[in-house]
Amino acid sequence: MSDQSAAADVDVDLRQLFASLARNWLRILVITLLVTGLAFAFAWLATPHYKATTQLKIQLSESAYTRPAGTNEDDKPVLDAEGVATEVQVISSSDILKQVAADLKLGDKPEFNDALGMSPVTRLLVIAGLKSDPEEIPLEERVLTKMRDKLNVYGVEKTRVIAVEFSSEDPQLAADIPNAIAKAYLAYQADAKTKSNAAATAFLGPEIDDLQKQVRDAEAKVAAFRSAQSDLLMAGNNSVLATQQLSELSSELSRVRASRASAEATAERVRQALQNGGSLDAVPEVLSSDLIQRLRERQIELRTNIADLSTTLLDNHPRLRAMRSQLADLDGQIRNEAQKIMRGLLTQAQTAQARENQLMSDVNKLKAASSRAGEEQVQLDALQREANVRRQQLESYMASFREVSSRKNYLPVDASVFSEARVPSEPYFPKLVPIVGAALVGSLLLMSVITLLQELFSGRAMRPAPGARFERIEQVAMSAMSAPVVHPEPAPEVVEVDDQPTTVESELVPEPEPAPSVLEGAAAAGSEPQAEPVRSSLGEIDVEKAAEKLIASGAARAIFVSPEGDEAAASAVLVAREVSDAGLRVLLLDLTASGAASRPMLDSGLFPGITNLLASEAQFSDVIHADLYSDCHVVPVGTADPVRAMRAADRLPIIMQSLTTAYDLVIVECGPADAQGISRLVGDSTEVFMSMLQADDEVAQAAVELIESGYPDLTLVTPIGHETPGNPVPGRRSAA
């Protein structure tokens with residue numbers, strides 16, 4: 001089935017498409033030559049226009065000898081892109097254009113004044129009111145409008161160069177106007193600087209006079225304050241005398257306090273050494289005494305002599321005892337001398353304490369004097385600072401005034417012309433060869449494209465894609481049928497398939513159960529004669545089993561063929577409702593001629609459906625309707641012309657693909673269609689069913705044809721015995 005389920009895509013036949021160019025070569029050539037001739041006539045008869053350009057450099061051209069004092073080459077202003085764009089707007093301003101128009105008397109030239117040299121046709125149009133009268137517009141405005149149309153002022157990219165471009169029918173005028181605009185722009189800049197200098201001079205003169213008076217008053221206040229405050233004496237380091245003295249006394253007080261503290265600490269250490277019997281050698285002040293040093297030397301000498309004599313004399317020898325006595329006297333003398341040193345240190349500490357008290361008294365007096373001097377110094381500094389500010393401002397204004405006064409006769413502008421416009425020798429418009437060539441190529445290309453599009457949209461250049469060569473579905477009008485009566489046939493039925501006889505043997509199965517072969521079940525219908533129609537037992541399944549099979553197999557499409565006509569179409573309706581009740585999204589597509597499947601679901605046959613969709617009269621949302629008795633959706637036959645709709649039958653595979661994408665299962669009721677008719681509808685995951693009411697020769701023959709045509713998995717389904725609300729099918733069900 002995969003070979004039969006190709007999408008209904010079409011390919012473009014490139015050979016047929018481009019062959020249309022050869023078939024229509026005469027039309028293409030004639031139109032191309034006509035357009036080229038018109039372009040040649042236009043270029044030949046058009047009034048020539050000339051264009052010239054003047055270029056200006058935006059840069060300060062200050063001389064090194066006239067540059068203001070204190071500035072250098074790097075201090076000059078540099079314009080950025082916004083500055084250059086501003087100058088472009090200044091150059092194209094109305095004031096400059098008016099001045100140029102007046103200097104060159106452009107109002108007297110017909111090129112810039114529409115009111116001059118009006119043709120009779122133009123005057124008639126003006127009189128008839130079909131064209132505005134140029135004389136109603138002021139002359140100056142008419143000239144400016146024409147100048148702006150022909151003027152192009154732009155900044156050259158990534159430079160500080162401005163180009164003034166102008167086009168005119170007169171080559172001399174095309175060069176004179178941009179040169180005049182550049183000169184007017186330079187004169188405008190010079191005039192602006194002159195006015196700026198005059199305004200600066202007028203401002204600085206009175207300001208300087210006022211500042212001179214303010215400086216004199218401020219300096220007088222400083223001198224008066226100093227003379228009135230005699231206590232505000234200044235020291236050598238430009239500070240108040242009282243403040244400097246306070247600083248010196250504070251330093252002296254700190255030194256005296258340190259000396260006193262050192263003497264007291266040393267005396268305390270000597271006292272502790274004397275009281276505790278410790279060694280006096282650890283006290284630097286004791287060791288620094290010359291007397292103690294000599295006593296220590298004598299003490300060491302006696303100890304040495306005692307040690308020497310102890311080797312030869314006994315301990316009670318008079319000499320040894322005399323030396324020990326002298327040694328003891330030396331220790332006493334050393335301690336007495338240490339006590340004297342301690343008393344001297346205490347005396348030194350007392351003296352330092354007295355000096356400290358005196359310094360504290362002097363410091364307190366100087367603090368009060370320094371506080372008063374500080375307040376006076378603050379007032380004096382404020383007066384001095386104000387006087388300095390006034391003087392600096394006065395000096396700045398005077399320097400600026402001298403600078404402005406020196407530039408009355410020399411004012412360098414910030415632009416210069418480095419390329420003047422020359423009178424053009426050749427017009428820039430019209431260019432005969434480019435215009436004719438562009439018209440030739442453009443018209444040839446346009447006509448070729450139009451021819452190809454016509455061939456493409458006409459469908460003559462389209463061919464079916466590989467695997468999509470489908471034939472149209474033949475719709476057969478179906479009439480209501482009565483249940484056929486089965487007559488006994490003792491001999492087996494022979495069916496011709498592909499010119500080969502096929503024998504279908506019949507047998508009667510007492511109870512309905514699936515037969516091993518559909519053909520055997522179909523043949524069994526004629527094994528026993530019946531007086532009236534009976535329920536078939538030839539291997540078909542009921543509606544519930546058909547729904548279970550579709551759900552279990554996961555099929556995306558179910559094709560129902562009803563050889564017996566409209567009455568058998570009830571199988572597709574009942575199966576669709578059963579699967580929908582199971583929770584799947586189901587859509588039933590009715591392709592019968594009479595709408596036998598969709599009419600009982602909608603209770604009407606006047607809804608738009610598949611024929612409207614094929615005829616491009618509706619969209620998917622317009623043709624999909626809800627079943628009145630279940631959650632199933634249905635696409636009816638529709639109300640469009642069937643003949644017109646079947647012309648677009650090649651779109652059926654595309655429609656089926658779209659529907660299977662949106663729904664879990666799409667059930668198609670095809671009526672009494674054959675294998676070729678359902679080939680467009682079959683795709684991947686497709687189940688084919690044959691709906692039957694009575695197992696007769698017609699059903700058996702249709703089943704054999706479908707099986708032999710490539711549908712061996714054909715399943716027979718019958719709606720007999722299935723009751724569904726909203727769709728009563730008494731006896732033999734009819735979907736109509």
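Contact here means heavy atoms within 4.5 Å. The model on screen is a predicted one, and the tour starts with a pair of helices that this meaning of contact applies to.

**Stop 1: α14 and α15.** Select residues 543-553, which are helix α14, and then residues 570-581, which are helix α15. On the α14 side of the contact are V543, E544, A546, A547, L550 and I551, and they meet L574, V575, E578 and V579 of α15. The two axes come within 9 Å and cross at roughly 55°. Angles from 35 to 65 degrees fall among those counted as oblique, and α14 and α15 are therefore oblique to each other. Their crossing is right-handed.

**Stop 2: a salt bridge from α14.** Keep α14 selected and add K549 and E687. Their side chains meet in a salt bridge, with 4.0 Å from N to O. What does this pair tie together? K549 is in helix α14 and E687 is in strand β14 (residues 686-691), so the bridge links parts that are 138 residues apart in sequence. Across the whole structure, a search finds 14 salt bridges.

**Stop 3: α1 against α12.** Move to residues 14-23, helix α1, and residues 432-458, helix α12. The axes of α1 and α12 are 9 Å apart, and the helices pack at an angle of about 125°. This pair is therefore oblique as well, and α1 passes α12 in a right-handed crossing. To see the contact, show Q16, L17, F18, S20, L21 and R23 of α1 together with S448, T451, L452, E455 and L456 of α12.

**Stop 4: α2 against α12.** Leave α12 in view and select residues 25-45, helix α2. How do the directions of α2 and α12 compare, roughly parallel or roughly antiparallel? The axes cross at roughly 155° and come within 8 Å. Angles over 145 degrees count as roughly antiparallel, which makes α2 roughly antiparallel to α12. This crossing is right-handed. From α2, the residues to display are R27, I28, I31, T32, V35, T36, A39, F40, A43 and W44. They meet L432, I435, V436, A439, L440, S443, L444, M447, T451 and Q454 in α12.

**Stop 5: a surface patch.** Stay with α2 and pick W25, which is found in that helix. W25 belongs to a nonpolar patch on the surface, along with L26, L29, V30, I31, L33 and V35. Together these residues have about 630 Å² of accessible area.

**Stop 6: two backbone details.** Most residues other than glycine have a negative phi, and most peptide bonds are trans. Two places to select depart from this. Go first to P430, in the loop between β5 (415-419) and α12. The peptide bond joining F429 and P430 is cis, with omega about 0°. Then go to K105, in the loop between α4 (94-104) and α5 (120-127). K105 is not a glycine, yet its phi is positive, near 55°.

Terms used: Residues numbered from 1 in each chain as written. Predicted model: local features only at pLDDT ≥ 70, side-chain atom pairs only at ≥ 80, totals over all residues. Heavy atoms only, no water. Patch = residues over 30% accessible without salt bridge, like charges linked within 9 Å, V, L, I, M, F, W, Y side chains within 5 Å. Areas by Shrake-Rupley, 256 points an atom, 1.4 Å probe, with all protein chains shown as cover. Helix = DSSP H or I, 4+ residues; strand = E, 2+ residues; numbered from the N terminus. Axes fitted to C-alpha atoms, helices over the stretch in contact; angles between N-to-C directions. Parallel < 35°, antiparallel > 145°, perpendicular 65-115°, else oblique. Left-handed = near helix turned anticlockwise from the far one by under 90°.
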